[in-house]
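Here's a quick briefing to read with the sequence and the model side by side. Have a look at the fold first, then work through the points below.

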Amino acid sequence: MISQTLREARKYEEVSEKLISERERPDFHLTPRTGWMNDPNGFSYYQGRYHLFYQYYPYESKWGPMHWGHAASSDLLHWEYLPCALAPDEAYDQDGCFSGGATVLPDGRQLLMYTGVVKEHQERDIYREVQTQCIAVGNGIDYEKYGQNPVLDERDIPEGSSRFDFRDPKIWRKADGTYACVAGNRPADGSGQILLFTSPDGFSWKFKSVLAANRDRFGKMWECPDFFPLDEKWVLLTSPQDMLPQGYEYHNGNGTLCLIGDYDEESGTFKETHNQSIDYGIDFYAPQTVLTPDGRRVMIGWMQNWDSCSMRSPDAPWFGQMSLPRELFLKNGRLYQRPLRELEDMRRNKVNYTNVTVSGVVTLKGISGRKVDMELKIRPKEGQELYQKFALRFAQDDTYHTSLSFRPYESILKIDRKFSGSRRAIIHQRRSLVNPVGNELKLRVILDRFSAEVFVNDGEQVLSATMYTDPGADGISFFANGTAEIDVVKYEL
Ligand code: FRU
């Protein structure tokens, strides 16, 4: 049975979607069918296609009572909208269906696990959101919420842990056919922890262990965990709130954290060996991964950040985009990311330059566009002193540009969108420490109308940022203070 609330959302999105033209959206990055989008949810492979759900408020381009929007794709780049999957329509989720994951049941049905939110009156006019974990089961389009929801609540968490910050279950089916999930929570110390739960059937759950404890090291509450094996190690991704910078790591208040380590499944313990930011740009949060049928671990994040939402006016017809799908791998104890290889099938009209001398501003014939895949190698010019600064400007016209600049003496790469159409005095730049190999810095820049994702040195770092200038601002130029030499390979997408 489809509730009135869900029926209305489905009717509304079907009509409103038609009011948004294709040119007003990115081409291969998923945006909400209408209204607001935040976190990716239920990222999974089901019945021969990828499914991506998302935190969704269809009625306005701002956050509201959370629904789950839904889209499917066979290549992770071309998405088809499906009807809104979940609406806040039960007593246990009446104030929101928050983030969660998805898996497949042995009988072929898809199981969604999400956080049900209910506001509880505290005193005077103060309310707090109680969060529990809930289940819905369906066929890839329609989902029925489980009669015995919630399946995890305050009785299932360690003593002293918060029932107000207990959310974002990411579920997976284990090789033996049983299930596990990780969820974010706040222990008595007020910072974050990731809890691990297990289930024989996906419906009845019990607490297994505290998989990881923040102990105030990386921000406060840990949101949206994901946990998976990768190249002989295990990786825990989470998005901490209220982070403090450490060197050039963790500069986004609502940041991202990758912990790499070893996992003992028997006892449910995870021993961390390395930590790093997941993305070093301005807009990236709450990523989720899927395992592809050919064994790749692919991650998509919300290409936005809670602190920079005022970047775009609330009158815009949609708000929030997903990042490019990124293939993950480990190298030298670090998480590396590369653009999904299927993106290469979309490349058209190659333009190639080698050994171009850049001193002052340079533009190159055929190098422009807002849907671009561009590889850039930057090095000092032989026989010349090391340049002071190299810059790439894109999404450029007389008024606007977004830029990347590199200062080799400091080894700092900066992304800057001060001139990218924002009318708000918010943070518009981010710096990252990068490691040129033998004096050469390698960048791959992917533009899709309203975003730039920069993969540094084959994915050692990634910087993501959105920009909402008119796609007519499509100039690209190069600049060096001193003399640099570059190779450029550019494709239209
Ligand atoms: C992270 C988050 C999640 C929550 C959702 C609500 O961006 O705060 O923890 O489930 O957004 O929309």
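In the hairpin of E5 and E6, which residue takes a positive phi? That's Gly108, with phi near 95 degrees, in a hairpin that has five residues between its strands. Bear in mind that this is a predicted model. The notes below go through the sheets, the ligand site and a few backbone oddities.

**The five-stranded sheet**
- One open sheet has five strands in the order E4-E3-E2-E1-E19, and its pairing is mixed.
- Strand E4 (80–86) and strand E19 (318–319) sit at the edges with a single partner strand each, so each has one side without a neighbour in the sheet.
- Inside this sheet, E1 (residues 35–46) and E2 (residues 49–57) run antiparallel and share seven bridges.
- If you want a landmark on that pair, Asn41 stands opposite Phe53 in E2.
- Helix H1 (residues 4–17) lies across E2, E3 (67–73) and E4, and it runs at about 155 degrees to E4.

**The E5-E6-E7 run**
- E5 (97–104) is joined to E6 (residues 110–123) by seven bridges, with the two strands antiparallel.
- On that pair, Cys97 stands opposite Gly116 in E6.
- E6 then pairs with E7 (residues 126–138), again antiparallel, through 13 bridges.
- Here Val118 faces Val130 in E7 as its opposite number.
- The E6 and E7 hairpin has two residues between the strands, and Arg124 in the turn has a positive phi of about 35 degrees.

**The four-stranded sheet**
- Another open sheet has four strands in the order E17-E18-E20-E21, with antiparallel pairing.
- Its edges are strand E17 (285–291) and strand E21 (334–339); each has a single partner strand, so one side of each is left without a neighbour in the sheet.
- On average, neighbouring strands of this sheet are turned by 40 degrees against each other, direction ignored.
- E18 (residues 297–302) and E20 (residues 326–331) are an antiparallel pair with two bridges.
- Met299 has Arg326 in E20 as its bridge partner.

**Around the ligand**
- There are 13 residues around the ligand, and those that come nearest are Asp39, Gln55, Arg167, Asp168 and Trp306.
- By type, the shell divides into six nonpolar, three polar and four charged residues.
- E1, E5, strand E9 (166–173) and strand E13 (222–230) each supply at least two residues of that shell.
- For polar contacts, look at the side chain of Asp168, where an N or O atom is 2.5 Å from an oxygen atom of the ligand.
- The side chain of Trp63 has an N or O atom 3.0 Å from a ligand oxygen, and for the side chain of Asn38 the value is 3.1 Å.
- Of the 320 Å² of accessible area that the ligand has on its own, the protein covers 95%.

**Backbone oddities**
- As background, most residues other than glycine have a negative phi, and most peptide bonds are trans.
- The peptide bond from Asn149 to Pro150 is cis, with omega near -5 degrees.
- You'll find Pro150 in the loop between strand E8 (143–145) and E9.
- Asn355 is a residue other than glycine with a positive phi, near 50 degrees.
- Asn355 belongs to strand E22 (residues 348–362).

How values were computed:
Residues numbered from 1 in each chain as written. Predicted model: local features only at pLDDT ≥ 70, side-chain atom pairs only at ≥ 80, totals over all residues. Heavy atoms only, no water. Pairing = 2+ DSSP bridges. Contact = heavy atoms within 4.5 Å. Axes fitted to C-alpha atoms, helices over the stretch in contact; angles between N-to-C directions. Near = heavy atom within 4 Å. Polar contact = N/O pair within 3.5 Å; in protein donor to acceptor, adjacent residues only side chain to side chain. Areas by Shrake-Rupley, 256 points an atom, 1.4 Å probe, with all protein chains shown as cover. Nonpolar A, V, L, I, M, F, W, Y, C, P; charged D, E, K, R; others polar.
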